[in-house]
Amino acid sequence: MPPGEASLNDASPAAAFGPDYYRTVYRHYERQNPPYKKAFYREIILKHSGSSPARLLDVGCAFGGWLADMPESWDRFGIDVSSYAVQQAAETHPQLHVAAATLDNNPFPGPFDVITSFDVVEHIENLENVAARIARLLKPGGLFVFVVPTYDGPFGPLVHLLDRDPTHIHKTNRHFWLDWAARHFDIQEWLGAFRILPPIGPYIHWPTRALRSLSPAILVVARTRPGGAGG
């Protein structure tokens, strides 16, 4: 999810996402994931999926904080390449089903109603494999929701300057991500997000439709196409 959940990386060893990664790259993890930000993710998913109990897989679940905020009636699963983060998630949120895994060795079978991936897919080299595996895990009409940073527009140079994560592979523009999503899914909605961590004071997370072409991050809501099969 938020930056810390960008810990699923099929191309990097799990050791790269141990305690040192979180202490250095995302040392303000809790500040960057305030309750109102997690509530926004929850509401956008419920808006498109409905409130009925569902099966949800969070790809790159890290410490499981956002996943634990989803309705208790849902079956909530999470995978992350960081065994360090997954161990903490299991201890803190025993009601969740979590595993140290990637999409390539995911132990949780589909179909899922919803798959989320917040600040994660930019870390994974083979995006065609990501899309194919997610499509197979979702039921027909299932929801795929992802967030990625964007490096274009007037804030692009600033995003590059502030990006201290050496595991980011795809430092690219919003059109790249929208084209990628549209090749494999039907896009339902996409929004921009301004995310600011000031030296002091609360973290700012501001979703926007009006300024989505300028924002330093985007959220995309997509569905599998009719005839798709999970499993």
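# A walk from A62 to R209

Start by selecting A62, which sits in the loop between strand 1 and helix 3 (65-68). You're looking at a predicted model, so take each stop on this tour as a feature of that prediction. Is A62 buried or exposed? With a relative accessibility of 0%, A62 counts as buried. Now check the backbone: phi of A62 is near 50°, a positive value in a residue that isn't glycine. That's worth a pause, because most residues other than glycine have a negative phi.

**Next stop: D119**

There's another backbone of this kind to see. Jump to D119, in the loop between strand 4 and helix 5. Its phi is positive too, about 60°, although D119 is not a glycine. At 3% relative accessibility, D119 counts as buried.

**The cis bond at P111**

Stay with the backbone and select G110 and P111 together. What kind of peptide bond joins them? A cis one, with omega at about 5°. P111 itself belongs to the loop between strand 3 (97-100) and strand 4. As a reminder, most peptide bonds are trans.

**Helix 5 and its neighbours**

Now select residues 127-137, which make up helix 5. Look at how the helix begins: a side-chain oxygen of N126 comes to within 3.3 Å of the backbone nitrogen of E128. Then colour the buried residues of helix 5, namely L127, N129, V130, A131, I134 and L137. Which elements lie over them? The cover includes strand 1 (55-59), strand 4 (112-118), strand 5 (138-149) and helix 7. While you're tracing the buried positions, keep in mind that an α-helix has 3.6 residues a turn, so residues three or four places apart point the same way.

Add helix 7 (residues 174-184) to your selection: its axis and that of helix 5 come within 10 Å and cross at roughly 40°. That angle makes helix 5 oblique to helix 7. The crossing of the two is right-handed. Want to see who's touching? On the helix 5 side, show L127, E128, V130 and A131; on the helix 7 side, show F176, W177, W180, R183 and H184. Sorted by class, this contact has six nonpolar residues, one polar and two charged.

**F146, in strand 5**

Keep W177 and W180 on screen and bring up F146, over in strand 5. F146 touches both of those tryptophans, and its other contacts include A181 as well as S117, F118 and V121. I218, L219 and V220 are also among the residues F146 touches. How accessible is F146? Its relative accessibility is 0%, so F146 counts as buried. For a distance to check in the viewer, try the C-alpha atoms of F146 and T116: they are 30 residues apart along the chain, yet separated by 5.7 Å.

**T150, in the loop after strand 5**

Move along to T150, in the loop between strand 5 and helix 6 (156-162). T150 counts as buried, at 0% relative accessibility. Where does its side chain reach? It gets to the backbone oxygen of S215 at 2.9 Å. The side chain of T150 also reaches the backbone nitrogen of A217, at 3.4 Å. Show the surroundings and you'll find T150 touching V159, T172, N173 and R174, along with S215, P216, A217 and I218, leaving aside residues up to four places away in sequence.

**T167 and H123**

Next, select T167, found in the loop between helix 6 and helix 7. Which side chain is its partner in a polar contact of 2.8 Å? That would be H123. T167 has a relative accessibility of 11%, and so counts as buried.

**Last stop: R209**

Finish at R209, in the loop between strand 7 (204-208) and strand 8 (217-223). Here the relative accessible area is 45%, so R209 is partly exposed. Light up K47, E189, W190 and L191, and you'll see what R209 touches, not counting residues up to four places away in sequence. To close, draw a line between the C-alpha atoms of R209 and E189: they are 20 residues apart along the chain, and the line spans 9.6 Å.

Notes
Residues numbered from 1 in each chain as written. Predicted model: local features only at pLDDT ≥ 70, side-chain atom pairs only at ≥ 80, totals over all residues. Heavy atoms only, no water. Axes fitted to C-alpha atoms, helices over the stretch in contact; angles between N-to-C directions. Helix = DSSP H or I, 4+ residues; strand = E, 2+ residues; numbered from the N terminus. Parallel < 35°, antiparallel > 145°, perpendicular 65-115°, else oblique. Left-handed = near helix turned anticlockwise from the far one by under 90°. Contact = heavy atoms within 4.5 Å. Nonpolar A, V, L, I, M, F, W, Y, C, P; charged D, E, K, R; others polar. Buried < 20%, exposed > 50% of the residue type's maximum accessible area, 1.4 Å probe, protein only. Polar contact = N/O pair within 3.5 Å; in protein donor to acceptor, adjacent residues only side chain to side chain.
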